[in-house]
Amino acid sequence: MNKYSPTGLSFITMAAKLSDELVSIANIKNFKGAQKKLNEEPGAMELLRKLSAARKELSQKQISDTFTQESLNDFYDVQKEVEKNSTINEYSQAQQEAIQFLKNVNFEISQLIGIDFSSLIKRSNTC
Amino acid sequence: MNKELFKELREDEQSRLSAAIWNFSSALSSSQEFKEYETTFSALNQDEVAQQELRAFKQKQQEINQLFRQNGDREKALAELGKLQSSLMKNPAIADHTAAQEELMVISTEAGTILSKNIGLDYAAVCGPSCCG
């Protein structure tokens, strides 16, 4: 048995068409390109892992009350290193532009249907 | 389409995107799932008993949440909320609307998955309100 109504199924087809259109637009194309470049650069990926670990460590120190100015400086050092990496910068910039573009697309859809479309999607992750 | 939002696009891109958004939105609002959602929403809004039950539920929910913050008994708070929700579902207008919303969310989530997979960004997470509140 199909889990969707026939009209629901036709909506899913339209989602695939919209998605094809979106990936042909520069904002999304640039983002996908920057994402690919980032994934292919081990140095940049390592820096991001380092930043994530430093952020986690800082937060743990805050919780355990062992936080010092030195731990903050260590974190800033990693952050500065990340900021200097051009691949990461390009990725962040492209990601911000793609997100803004998608928000605008969602706004248009929501205006047409009368409900925030993104609120109808079940989240796979929560904070 | 609000052209101001997409002013960086070429005119042919704007036309194609506008058509794709229009077709997508029309297909969603013409779907049986969406129509059922609207019908049950309207019925729920006109049902005074259901509205009273929903108001009472929200008030009770706040009380339970407040109690949970005071004594931290999560299990007890969740059990009480579960009981309240079950009792709420005995109201046909609420149950029908909840079921219709669930169906609509199933097709919307499927569409969201297609968009997220192709774009490389989690559509709901980037377009929706933050789940952290």
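How are helix 5 of chain A and helix 1 of chain B oriented to each other? In this predicted model, the axes of helix 5 of chain A, residues 86-113, and helix 1 of chain B come within 9 Å and cross at roughly 40°, and the two helices are therefore oblique to each other. The crossing in which helix 5 of chain A passes helix 1 of chain B is right-handed. On the side of chain A, the residues that make this contact are Val105(A), Glu108(A), Ile109(A), Leu112(A) and Ile113(A), while helix 1 of chain B contributes Ile21(B), Phe24(B), Ser25(B), Leu28(B) and Ser29(B). Sorted by class, the contact of these two helices has seven nonpolar, two polar and one charged residues.

**The contact between the chains**

The contact as a whole takes 43 residues from chain A and 43 residues from chain B. On the side of chain B that touches chain A, at least two residues each are supplied by helix 1 (11-30), helix 2 (32-46), helix 5 (92-119) and helix 6 (123-127) of chain B. Helix 5 of chain B gives the largest share of that side, with 13 residues. The class composition of the side of chain B that touches chain A is 26 nonpolar, 13 polar and four charged residues.

**The nonpolar core**

In soluble globular proteins, nonpolar side chains tend to be buried together. Here the largest nonpolar core has 41 residues, and those with the most contacts inside it are Ala15(A), Phe24(B) and Tyr123(B). Two or more residues of this core come from each of helix 1 (6-23), helix 2 (26-39) and helix 5 of chain A, and likewise from each of helix 1, helix 2, helix 5 and helix 6 of chain B. The largest share, eight residues, is that of helix 5 of chain A. Phe24(B) also belongs to the contact of helix 1 of chain B with helix 5 of chain A. Leaving aside residues up to four places away in sequence, Tyr123(B) touches Leu102(A), Ser118(A) and Ile121(A) in chain A, and Gly112(B), Leu115(B) and Ser116(B) in chain B.

**A helix pair within chain B**

The axes of helix 2 and helix 5 of chain B come within 8 Å and cross at roughly 155°, and these helices are therefore roughly antiparallel to each other. Helix 2 of chain B passes helix 5 of chain B in a left-handed crossing. Among the residues that meet here are Phe34(B), Tyr37(B) and Phe41(B) from helix 2 of chain B, and Ile94(B), His97(B) and Leu104(B) from helix 5 of chain B. By class, this contact has 10 nonpolar, three polar and four charged residues.

His97(B) also lies 8.4 Å from Thr39(B) in space, C-alpha to C-alpha, although the two are 58 residues apart in sequence. Thr39(B) is part of helix 2 of chain B.

**Two residues by exposure**

The table sets out the neighbour counts of Thr39(B) and Asp65(A).

| Residue | C-beta neighbours inside 10 Å | Exposure |
|---|---|---|
| Thr39(B) | 13 C-beta neighbours | partly exposed |
| Asp65(A) | 6 C-beta neighbours | exposed |

Asp65(A) is found in the loop between helix 3 (42-63) and helix 4 (69-84) of chain A. Most residues other than glycine have a negative phi. Asp65(A), which is not a glycine, nevertheless has a positive phi of about 60°.

Key: Residues numbered from 1 in each chain as written. Chains lettered and ligands numbered in written order. Predicted model: local features only at pLDDT ≥ 70, side-chain atom pairs only at ≥ 80, totals over all residues. Contact = placed C-beta atoms within 7 Å. Helix = DSSP H or I, 4+ residues; strand = E, 2+ residues; numbered from the N terminus. Nonpolar A, V, L, I, M, F, W, Y, C, P; charged D, E, K, R; others polar. Axes fitted to C-alpha atoms, helices over the stretch in contact; angles between N-to-C directions. Parallel < 35°, antiparallel > 145°, perpendicular 65-115°, else oblique. Left-handed = near helix turned anticlockwise from the far one by under 90°. Core = buried A, V, L, I, M, F, W, Y, C linked by C-beta atoms within 7 Å. Buried ≥ 20, exposed ≤ 12 C-beta atoms within 10 Å, placed from the backbone.
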